[in-house]
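Me: I have a structure open and would like to go through it with you, one question at a time. Could you keep the answers short and show the reasoning?

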Amino acid sequence: MSDQGPVVRIVDDDRAYLVATARLLRAAGYRVETFSSGAELLEKLPADATGCVLLDVRMPGIDGLELQKALARSAAPLPVVFVSGHGDVPIAARAFRHGAEDFLTKLATKEELFEAVERALARGARERAERERRRSARALLDTLTRREREVLAWVLQGRLNKQIAGRLDLHERTVKLHRTAITRKLGLSSVAELTRWAEENGLLPDLDRLAKPRPKGQ
């Protein structure tokens, strides 16, 4: 089921803390869901989930650090704020190393908790927008034919039409036609615009692999 907006998901096997924290956050205007285990969260988490996760470290079954890694591997990772009953420095260091937004103790003030949640929600929104932008760019790239992608790859290498024609064993006029199609489909014309678009959307590695000579006849 799709979210209607960002949700703060609290995962803790301490029922009293779970209820109290959920009540506090709801009173502050947040949408909240509670889970007594990492397995329950993973089972019920929508594929298009938004928001963040407040996570205890020590829990039976999947512990907090394992759950953090599982969330990071998902299609839509959610920022994690650890809220632990133990101020364990080595564990906090591991959590931050794997991308935790914050690591609080359960004695943290409500202001500290709200601040961490706000940062996590803002980060989640930024990262979601970035994923959407990259997916859209990939879909746009997929509208190009294989040959158009090859021409684009060489354009990004700074090659002239004549050089690209030689690399791909094409007539120079054919290269020009491909470049016109690329401009029309992507809505970008200059080499600088194309390069910036490919770089910002993580497409350069795939295109770089196409920028190599092909044996004649292929």
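Me: Where is Arg73 found?
Reply: Happy to start there. This is a predicted model, in which local features need pLDDT of at least 70, side-chain atom pairs count only at pLDDT 80 or more, and totals for chains, interfaces and linings use all residues. Residues are numbered from 1 along each chain as its sequence is written, and side-chain values use heavy atoms, with hydrogens and water left out. Helices (DSSP runs of H or I, at least four residues) and strands (runs of E, at least two) are numbered from the N terminus, and Arg73 is found in the loop between α3 (64-72) and β4 (80-84).

Me: Is Arg73 buried or exposed?
Reply: Buried means under 20% relative accessible area, exposed means over 50%, and partly exposed lies in between (1.4 Å probe, protein chains only). The relative accessibility of Arg73 is 65%, so Arg73 counts as exposed.

Me: Which residues gather with Arg73 in a patch of positive charge?
Reply: Patches are made of residues with over 30% relative accessible area and no salt bridge, with like charges joined within 9 Å and nonpolar side chains (Val, Leu, Ile, Met, Phe, Trp, Tyr) within 5 Å. Lys and Arg count as positive, Asp and Glu as negative, while His and the chain ends are not counted. On the surface, Arg73 gathers in this patch with Lys69, Arg94 and Arg97.

Me: Pro77 is in the loop between α3 and β4. How many Å separate the C-alpha atoms of Pro77 and Gly124?
Reply: Pro77 counts as partly exposed because its relative accessibility is 23%. Along the chain, Pro77 and Gly124 are 47 residues apart. Their C-alpha atoms are separated by 8.2 Å.

Me: And in strand β4, how far apart in space are Phe82 and Ser190?
Reply: Phe82, found in strand β4, is buried, with a relative accessible area of 0%. Phe82 and Ser190 are 108 residues apart in sequence. From C-alpha to C-alpha, the separation in space is 46 Å.

Me: What is the angle between the planes of Tyr30 and Phe114?
Reply: The structure holds 2 aromatic pairs (rings of Phe, Tyr and Trp, the last by its six-membered ring, with centres within 6.5 Å; planes under 30 degrees apart count as stacked, over 60 as edge-to-face and the rest as tilted). One of them links Tyr30, in the loop between α1 (15-27) and β2 (32-35), with Phe114 in helix α5 (residues 110-141), 84 residues apart. Both Tyr30 and Phe114 are buried. The pair is tilted, with 6.1 Å from centre to centre and an angle between the planes of 40°.

Me: How many salt bridges does a search of the whole structure find?
Reply: A salt bridge is a side-chain nitrogen of Lys or Arg within 4 Å of a carboxyl oxygen of Asp or Glu. With that definition, a search of the whole structure finds 16.

Me: Which residue meets Arg119 in a salt bridge at 2.7 Å?
Reply: Arg119 lies in helix α5, and its partner is in strand β5 (residues 102-105), 17 residues apart. Arg119 is partly exposed, with a relative accessible area of 30%, whereas the partner is buried at 15%. The side chain that meets Arg119 is that of Asp102.

Me: Why does the salt bridge of Arg138 with Asp206 tie together distant parts of the sequence?
Reply: The closest N and O atoms of Arg138 and Asp206 are 2.7 Å apart. Arg138 lies in helix α5 and Asp206 in helix α10 (residues 204-210), so the parts tied together are separated in sequence by 68 residues.

Me: Which residue forms a salt bridge with Lys185?
Reply: Lys185 is partly exposed, with a relative accessible area of 23%. Its partner counts as buried, at 7% relative accessibility. The closest N and O atoms are 2.9 Å apart, and the partner is Glu148.

Me: What is the phi of Asp169?
Reply: Asp169 is found in the loop between α7 (161-168) and α8 (172-186). Most residues other than glycine have a negative phi. In Asp169 phi is positive, near 60°.

Technical notes
Areas by Shrake-Rupley, 256 points an atom, 1.4 Å probe, with all protein chains shown as cover. Charge placed at Lys NZ, Arg CZ, Asp CG, Glu CD.
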